[in-house]
Amino acid sequence: MWLFVMFDLPVGTKKERKQATGFRNSLLDLGFEMSQFSVYLKYCSSNEKTESLETKIQSRLPFGGKVDILAITDKQFSNMKRFYAKKHQKNDDVPIQIRLF
């Protein structure tokens, strides 16, 4: 599963900018990578991991703004067309899982 977090946060005041930056940094701390300025994504190996991340994101939501969380399958992700500077960009492969035990 791929988990997308898409958001539109207010940045009109210094406090709002600080909260928006804090939210983006918390997504990076959770292992997300930036796909676009307000779109972050992360590969999750199971539904339990997806649900756990959703709960963690909910606990870090800033006041105001809009945040959407979308989970899609690997197949759906592989069908997505991505372009960078007018050139087609291949979708990332599923990250290799490291087994610690």
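In which strand is the place of Lys-42? Lys-42 lies in strand E3, residues 39-43; helices (H or I, at least four residues) and strands (E, at least two) are DSSP runs numbered from the N terminus. This is a predicted model, in which local features need pLDDT of at least 70 and side-chain atom pairs count only at pLDDT 80 or more, while totals for chains, interfaces and linings use all residues. Residues are numbered from 1 along each chain as its sequence is written, and side-chain values use heavy atoms, with hydrogens and water left out.

**Confidence**
- The protein chain has an average pLDDT of 87, and 85% of the residues score at least 70; pLDDT is the predictor's confidence in each residue, from 0 to 100.
- Strand E1 (residues 2-8) has the highest mean pLDDT among the elements, 96, and strand E6 (residues 87-89) the lowest, 62.
- Where pLDDT is low, the predicted coordinates should not be read in detail.

**Fold and surface**
- The protein chain contains 3 helices and 6 strands, in the sequence order β-α-β-β-α-β-α-β-β.
- Of its 101 residues, 26% are buried (buried is under 20% relative accessible area, exposed over 50%, partly exposed in between; 1.4 Å probe, protein chains only).
- Among contacts (heavy atoms within 4.5 Å) with a separation of 6 or more, 66% join residues 24 or more positions apart.
- The accessible surface of the protein chain is about 7600 Å², and carbon and sulfur atoms hold 54% of that area (Shrake-Rupley method, 1.4 Å probe; for residues, only the protein chains shown count as cover).

**Lys-42**
- Lys-42 is buried and has no salt bridge (a side-chain nitrogen of Lys or Arg within 4 Å of a carboxyl oxygen of Asp or Glu).
- Glu-33, the nearest side chain of opposite charge, is 9.2 Å from Lys-42.
- The Lys-42 side chain instead reaches the backbone oxygen of Leu-30, at 3.0 Å.
- Beyond four places in sequence, the contacts of Lys-42 include Met-1, Trp-2, Phe-32 and Leu-53.

**Salt bridge**
- The whole structure has 1 salt bridge.
- Asp-68 and Lys-66 form a salt bridge through their side chains, at 3.8 Å from N to O.
- Asp-68 is partly exposed at 33% relative accessible area, and Lys-66 is exposed at 52%.

**Leu-61**
- Leu-61 sits in the loop between helix H2 (47-59) and strand E4 (66-72), and is partly exposed at 41% relative accessibility.
- Outside its neighbours within four places in sequence, Leu-61 is in contact with Phe-23 and Val-67.
- Leu-61 and Ser-26 are 35 residues apart in sequence, with a C-alpha to C-alpha distance of 9.7 Å.

Terms used. Lys, Arg positive; Asp, Glu negative; His and termini not counted. Polar contact = N/O pair within 3.5 Å; in protein donor to acceptor, adjacent residues only side chain to side chain.
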